[in-house]
Amino acid sequence: MSTIKSFDPETLETRDLHKLLLSAVAPRPIAFASTIDSKGNVNLSPFSYFNVFSSNPPILIFSPSRRVRDNTTKHTLQNADETREVVINMVDYSIVEQMSKSSNEYAKGVNEFTKTGLTEVNSLKVKPPRVLESPVSFECVVDNIISLGDNGGAGQLVIAKVVHIHVKNELLDSNNQIDPTKLDLVARLGGDWYSRLTKESMFTITKPKG
Ligand SMILES: Cc1cc2nc3c(=O)[nH]c(=O)nc-3n(C[C@H](O)[C@H](O)[C@H](O)COP(=O)(O)O)c2cc1C
């Protein structure tokens, strides 16, 4: 029989608590967020504190946290606050290496599209470009930003309302629904681990009746 070890978050170093949380709460989808600053400089960075939280209104939330290392904020958060728009691109296996490269801590103003070789496409309703190679992209306006604290590691929730959706045609069935087995999404686990959503790793459960 397995035994249980218990932890009090108050007594853990933030770094260790961070690792425990991120290994246990997995897999997490990845928001590949494209933003611009007030001068029009483009930024592209990945965030796995991310999910969909509402369909009416359509709301996605992601969180560029304050750095544990030095308590600075991420360019994505600064841009989302400044210009109130973001494009959230989904990440499939074909662009996982470029996504990882874009998470380098480049200086402010550096365009990660250029650094990674990914292709900028003009959005229809917002100024930040979308990623051509992404299977699905959501053009969003920033509805609200909620700070969860002022210390290193504190999440900063960017609440983004979807105003336009782009989906690669080959992923859609005749009802314009996405076939999960064709999407080939990747997800973030703890540490350096990722997961690839292949058909072999999926199964269905029929909804209970009544
Ligand atoms: C797959 C992946 C997921 C990440 N998720 C987050 C996250 O949810 N929150 C966060 O603050 N940083 C996250 N990071 C780190 C940021 O991408 C990294 O700090 C990046 O340099 C921020 O860029 P920016 O300052 O241009 O916004 C993640 C990195 C990777 C590779």
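**Exercise 1. Find the partner of strand 1 and place both in their sheet.**

Step 1. Strand 1 and strand 11 (residues 186-188) pair in the antiparallel sense, over 2 bridges. Strands here are DSSP runs of E with at least two residues, and helices are runs of H or I with at least four, all numbered from the N terminus. Two strands count as paired if DSSP finds at least two bridges between them.

Before going on, note that this is a predicted model: local features need pLDDT of at least 70, side-chain atom pairs count only at pLDDT 80 or more, and totals for chains, interfaces and linings use all residues. Residues are numbered from 1 along each chain as its sequence is written, and side-chain values use heavy atoms, with hydrogens and water left out.

Step 2. Pick a facing pair. R28 stands opposite R188 in strand 11.

Step 3. Read the sheet order. It is an open sheet of 3 strands, ordered 1-11-12, with antiparallel pairing. Strand 1 (28-29) and strand 12 (194-196) are at the edges with a single partner strand each, so one side of each has no neighbour in the sheet.

**Exercise 2. Trace the pairings of strands 2, 5, 6, 9 and 10.**

Step 1. Recall the rule. Strands of a sheet pair through backbone hydrogen bonds, either parallel or antiparallel.

Step 2. Start at strand 2 (residues 31-36). It runs antiparallel to strand 6, and 3 bridges join them. S34 faces V87 of strand 6.

Step 3. Move to strand 9 (residues 136-147). Strand 6 pairs with strand 9 over 5 bridges, again antiparallel. Here V86 stands opposite C140.

Step 4. Continue to strand 10. Strands 9 and 10 run antiparallel and are joined by 11 bridges. V142 faces A160 of strand 10.

Step 5. Finish at strand 5 (residues 58-62). Strand 5 pairs with strand 10 (residues 156-167) in the antiparallel sense, over 4 bridges. I61 stands opposite I159.

**Exercise 3. Decide how well strand 6 is covered.**

Step 1. Set the cut-offs. Buried means under 20% relative accessible area, exposed means over 50%, and partly exposed lies in between (1.4 Å probe, protein chains only).

Step 2. Count. In strand 6 (residues 85-89), 5 of 5 residues are buried.

Step 3. Check each face. E85, V87 and N89 lie on one side, V86 and I88 on the other, and all are buried.

**Exercise 4. Describe the setting of S123.**

Step 1. Locate S123. It lies in the loop between strand 7 (120-121) and strand 8 (130-131).

Step 2. Is S123 buried or exposed? Its relative accessible area is 13%, so S123 is buried.

Step 3. Look for a partner. The S123 side chain reaches the backbone oxygen of P128 at 2.6 Å.

**Exercise 5. Describe the surroundings of the ligand.**

Step 1. Name the closest residues. Of the 21 residues around the ligand, P46, S48, Y49, S65 and T76 come nearest. A residue is near a molecule if one of its heavy atoms lies within 4 Å of it.

Step 2. Assign the shell. Strand 3 (42-47) and helix 2 (75-83) each supply at least two of its residues. Strand 3 gives the largest share, 4 residues.

Step 3. List distances to ligand oxygen atoms.
- A polar side-chain atom of T76 lies at 2.5 Å.
- An N or O atom in the side chain of N43 lies at 3.0 Å.
- A polar backbone atom of N104 lies at 3.4 Å.

Definitions and conventions
Polar contact = N/O pair within 3.5 Å; in protein donor to acceptor, adjacent residues only side chain to side chain.
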